[in-house]
2 protein chains.
Amino acid sequence: MRGGVVAGDCLDVLRSMPAERVDLIVTSPPYADQRASTYGGVTPDDYVAWFLPRAEQFARVLKPTGSLVINIKEKVVDGERHTYVLELILAMKKQGWLWTEEYVWHKRNCFPGKWPNRFRDAWERCLHFTREKRFKMNQDAVMVPMGDWATTRLRTLGANDVVRHDSRVGNAFGKNIANWQGRDRAYPTNVLHLATECGNKGHSAAFPHALPRWFIELFTDPGDTVLDPFAGSGTTLAAALELGRNAIGIELAPAYVTRCRQTLATAHEAAQALARAAAVTEQELISPRRGTATAKVSKDSVPL
Amino acid sequence: MRGGVVAGDCLDVLRSMPAERVDLIVTSPPYADQRASTYGGVTPDDYVAWFLPRAEQFARVLKPTGSLVINIKEKVVDGERHTYVLELILAMKKQGWLWTEEYVWHKRNCFPGKWPNRFRDAWERCLHFTREKRFKMNQDAVMVPMGDWATTRLRTLGANDVVRHDSRVGNAFGKNIANWQGRDRAYPTNVLHLATECGNKGHSAAFPHALPRWFIELFTDPGDTVLDPFAGSGTTLAAALELGRNAIGIELAPAYVTRCRQTLATAHEAAQALARAAAVTEQELISPRRGTATAKVSKDSVPL
DNA sequence: TAGCAACTTGAATCTACCG
DNA sequence: CCGGTAGATTCAAGTTGCT
């Protein structure tokens, strides 16, 4: 697996990339009027026109069986929801994209606040576009555990306690299939329950690690190539490397490019450590010692 | 409180209703290609044109401070999500509506099934439209129990601590604590977690009782008037009656009109029984007996 | 080691105020 | 009257540090 970050506007960078090279694009583009310093402050009214030529390049570099996942949410303008996301969907369909599905990311810890005419906004859209009706989708890779353990836990704990996310890199080895031998697993739904990652001072990710991770597992195989044209701090790229995928990032702001490369280096180390940890875990499964290791693994392996 | 059901197409029925009479419209309109027998099979492509003249009547009978809540979800057509809901939102804005918010109803137990290119659909839109930027909203009526954070904190915090911190000038900590004194409930978000009612509803567009109930508590006062122009089996009307609101239903299919009236009669009885129970509970609070009455009441008062 | 307590941080949104 | 910005509001999750 390899990863790299290119500095520049993805519109320009992608034009020099060969066609049909990417298996999955997962990105959280700058929202309207956000990140104004880096993207010149795209206003809501101009958003679709700004996005469309870039989407055209996404379609070109994406394999016919590939997927495009866009994490986005319209902001409130003058007391009501702006319609630029709706218009973007319609425009992208005109451009030839298939609007295959809309996943909902439920942000369990959303931004606080109180206003006279609305509540806190606790969800964002994850728009799933494809080029063809038949595309790569590994549903088994993201199955969630069910059965005795899960049932008991679900019964005794509140809904809030059931959902955990793997904010840390280290617990990904919980994905080990062997841990779920003899247990039933169920397919997830199109609603993802994840908390935003906070607390990392000045290093907060736009979206939680587990979000791109889930889509990468779902829509790619190991060895495939993942692209994030608005790489930001590199959350998507890190997740891709950890999962043994190739990662390509494009980022306009120099500060983010630097940070992105740091993230990639860390992710590469983590991935190697992960491989070692997985080997150890496997050994313990053969001749288990006393301890809570198994329980811990089970607990952490329910990211969704 | 009074309730009634009118047989007919809401387009015709509403034309004979006086203007600005209704405080809230909560409805789950027939989805495209659903209930084809009753509404003549509106196809997805014709949906907006079919809906708009009815929305025009909604605007006419609604008070300026009123709200319109539409529970809807686009169906999958030919492998992708159809865009008629997006187009409907854009068209209703052109008609003069304000698209104030989009709530998400997360269906905890969604319809089972497996498809090659998507997961089970576990969410629906609850589109909130208003005529004016200022509208009636009783946020306190739908507050939910708070998370552990404040609970544990307030429990262990003595009165001395509050006073001590509060006395310091410019101490944000003390200020915040003062605000949270005695607060055990928080405002909800725009994501509603409700299980679908698995009872044998013959009605295809039935939504859970708690969904209209939540919006009725949020957007109306007791004595206000709630309208459901696609009354179906009468879920919205029953919730309105139970909450002491007037309920007006319109339903085209004769079979559903009959059923709707049965629902209303039952709801009326239930509301009266509820009133008696509340009186009993009040008495018990003064001199409580052993039993579960009190617990039951508090449990039922937290539908979400 | 586990548990509790203190503290920090959000892709927010509205109101008030100033030029 | 428009356009921008500073202040107030608010809560779940994570992190650090102490017992």
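Two strands pair if DSSP finds at least two bridges between them; strands (E, at least two residues) and helices (H or I, at least four) are DSSP runs, numbered from the N terminus. This is a predicted model, in which local features need pLDDT of at least 70 and side-chain atom pairs count only at pLDDT 80 or more, while totals for chains, interfaces and linings use all residues. Residues are numbered from 1 along each chain as its sequence is written.

Start with Leu24(A), which stands opposite Val226(A) in E11(A). Select strand E2 (22-27) and strand E11 (225-228) of chain A: they run parallel and are joined by 2 bridges.

Extend the selection to the open sheet of chain A, 8 strands in the order E1-E12-E11-E2-E3-E7-E6-E10 with mixed pairing. E1 (3-7) and E10 (191-194) of chain A are at the edges with a single partner strand each, so one side of each has no neighbour in the sheet.

Next select helix H4 (84-94) of chain A. H4(A) packs on the sheet, touching E3, E6 and E7 of chain A (contact: heavy atoms within 4.5 Å). Its direction makes about 5 degrees with that of E7(A) (axes are lines fitted to C-alpha atoms, for helices over the stretch in contact; angles run from 0 to 180 degrees between N-to-C directions).

Now show both chains. The contact takes 48 residues from chain B and 48 residues from chain A. The rule finds 10 salt bridges across this interface (a side-chain nitrogen of Lys or Arg within 4 Å of a carboxyl oxygen of Asp or Glu). Select Asp78(B) and Lys133(A) for one of them, with the closest N and O atoms 2.8 Å apart.

Methods. Chains lettered and ligands numbered in written order. Heavy atoms only, no water.
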